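Subject: Structure handover

Hi,

Here is the structure I promised to pass on to you. Please have it open while you read, as my notes follow right after it.

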Amino acid sequence: MNLHDKHTSKSFDQDLDEVIGLFLQMGDNVATQVAKAIHALTDGDVVLAKEVIAADHEVNRLEITIDERILLLVAKRQPTAIDLRLVMCVSKGVVDLERIGDEAVKIAQMASQITTADNSPRGYAEVQHLGNQVRLMVHNALDAFAQLNADQAFEVMRNDGVINREYQSAIRSLMTYIMEDPRHVSNVINIMWVLRALERIGDHAQNVAELVIHSLSGKDVRHTDYEQVEQAVNKANEQIAARENEAQHSLGSKTAAVKDQDNTK
C-alpha cells in the first residue's frame, strides 16, 4: 500500500513523501551503524569503530533536517487529522532513530577500549547473537513503517520480549564467568555495557513499531498489554481494507461512467 492516503494537494503529498523518505534514509543509516559497531567489536577493528563514531554526525544532521521539514509541513499545509497523526509519528520516530545511532556509537567506543586492551573473547558470542536479533528487529520495524504494516509492527513488539529475556540470560552468564575467573573483569563489564546498548536498541525499535500501529489505528499503544495492541492492529487492518474497498468502488464508478459516455457517442 502507499505510505499514506493521497491528499487533495499534490504539494502536500510531495512534501510528506520527502519527509518519510528522509526518515527511512536515517533509519537505514543507523541500522548500518549498528551492524558496523558489532563487527568492529567482534573483529577487533578500531578503524571501523572510528568510522561508526564519525558517521553519527550525518545521523544528527538528518534529525535536524527532518525536524525542520516537519515544522514547515505542518505550518504550510495544515494536514488533516489522519495525515497529521502520521507526521507526528515520524517526528517521534526520529528521536528513537537518533538514539539508536547513539547506542551504536557507545558500542563502537567500547570496541575501541576492548580492542586496545588485553582482551578476552568471553562475551563475544553473546554480543553476536543478541546483535543479530536486534539488527533484524530494527530492520523489521523500519520495513513495517515503510509499508505501514500493522501486523509486522506487532511482531516487532512481541520480539522485544525475546530480546529482553536473552539479554538477562547473557548478563547472568557473564556474571557467573567473572565470579569464577576475575582476571578479565574489566573487559567483561565493557561487554555487559555493549549488551545493554543492544537491549536499548531493541527498545527503540519497539517504539518505532508502536508508532506504526498508532498512525494506522489512531490508538496510542504505549504502556498497554498485547490484547489491547492486537485490538488496535485489527482496527488498523479493518480501516485499511475499508479504504481499499472505497478506492476500488470509486474506480469502478469512474470506469462505468467512461463506458456510458462512450456508448452515448
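Below is what I found, going from the overall fold to the helix pairs, then to some residues in helix 2 and a few salt bridges.

Please keep in mind that this is a predicted model.

**Overall picture**

The protein chain contains 7 helices and 0 strands. Read from the N terminus, its elements follow the order α-α-α-α-α-α-α. Of its 265 residues, 44% count as buried.

**How the helices pack**

Two packed helices are described by the angle between their axes and the distance between the axes. I have three pairs for you on those terms.

Let me begin with helix 1 (residues 10-43) and helix 2, which pack at an angle of about 165 degrees with 9 Å between their axes. Angles over 145 degrees count as roughly antiparallel, so helix 1 and helix 2 fall into the roughly antiparallel class. Where helix 1 passes helix 2, the crossing is left-handed.

Further along, helix 4 (residues 124-147) packs with helix 5 (residues 150-180) at an angle of about 165 degrees, and their axes are 10 Å apart. Because of that angle, helix 4 is roughly antiparallel to helix 5. Helix 4 passes helix 5 in a left-handed crossing.

Helix 5 also packs with helix 6 (residues 185-217), with an angle of about 165 degrees and axes 9 Å apart. Helix 5 and helix 6 are therefore roughly antiparallel to each other, and their crossing is left-handed.

**Residues in helix 2**

Helix 2 covers residues 46-77, and I looked at three of its residues.

Is His-57 buried or exposed? His-57 sits in helix 2 and has a relative accessibility of 60%, so it counts as exposed. The C-alpha atoms of His-57 and Gly-101 are separated by 9.7 Å, although these residues are 44 positions apart along the chain.

Leu-73 also belongs to helix 2. With a relative accessible area of 2%, Leu-73 is buried. From the C-alpha atom of Leu-73 to that of Leu-84 the separation is 9.6 Å, with their positions 11 residues apart along the chain.

Val-74 is in helix 2 as well. What makes Val-74 count as partly exposed? The reason is its relative accessibility of 31%, given that the partly exposed class lies between the buried limit of under 20% and the exposed limit of over 50%. Together with Leu-84 and Met-88, Val-74 makes a nonpolar surface patch of about 190 Å². Leu-84 thus turns up in two places here: in this patch and in the C-alpha pair with Leu-73.

**Salt bridges**

How many salt bridges does the count come to? The total is 10 salt bridges, and I will go through three of them.

In helix 5, Glu-155 and Arg-158 are 3 residues apart, so about one helical turn separates them. The two form a salt bridge in which the closest N and O atoms are 2.8 Å apart. Glu-155 has a relative accessibility of 35% and therefore counts as partly exposed. Arg-158 is partly exposed too, at 35%.

Helix 6 holds the pair Arg-196 and Glu-199, which lie 3 residues apart, about one turn of the helix. Their salt bridge has its closest N and O atoms 2.5 Å apart. What about the cover of each partner? Arg-196 is partly exposed, with a relative accessible area of 35%, whereas Glu-199 is buried, with 7%.

The third pair is Arg-222 and Asp-220, whose side chains meet in a salt bridge at 2.7 Å, N to O. Arg-222 counts as partly exposed because its relative accessibility is 41%. Asp-220, at 31% relative accessibility, also counts as partly exposed.

**To pull it together**

You have a predicted model with 7 helices and 0 strands. Helix 5 is roughly antiparallel to helix 6, and helix 4 is roughly antiparallel to helix 5. Helix 5 also carries the salt bridge between Glu-155 and Arg-158. In helix 2 you will find buried Leu-73, exposed His-57 and partly exposed Val-74.

Happy to go through any of this with you.

Best wishes

How values were computed: Residues numbered from 1 in each chain as written. Predicted model: local features only at pLDDT ≥ 70, side-chain atom pairs only at ≥ 80, totals over all residues. Heavy atoms only, no water. Patch = residues over 30% accessible without salt bridge, like charges linked within 9 Å, V, L, I, M, F, W, Y side chains within 5 Å. Areas by Shrake-Rupley, 256 points an atom, 1.4 Å probe, with all protein chains shown as cover. Salt bridge = Lys/Arg side-chain N within 4 Å of Asp/Glu carboxyl O. Helix = DSSP H or I, 4+ residues; strand = E, 2+ residues; numbered from the N terminus. Buried < 20%, exposed > 50% of the residue type's maximum accessible area, 1.4 Å probe, protein only. Axes fitted to C-alpha atoms, helices over the stretch in contact; angles between N-to-C directions. Parallel < 35°, antiparallel > 145°, perpendicular 65-115°, else oblique. Left-handed = near helix turned anticlockwise from the far one by under 90°.
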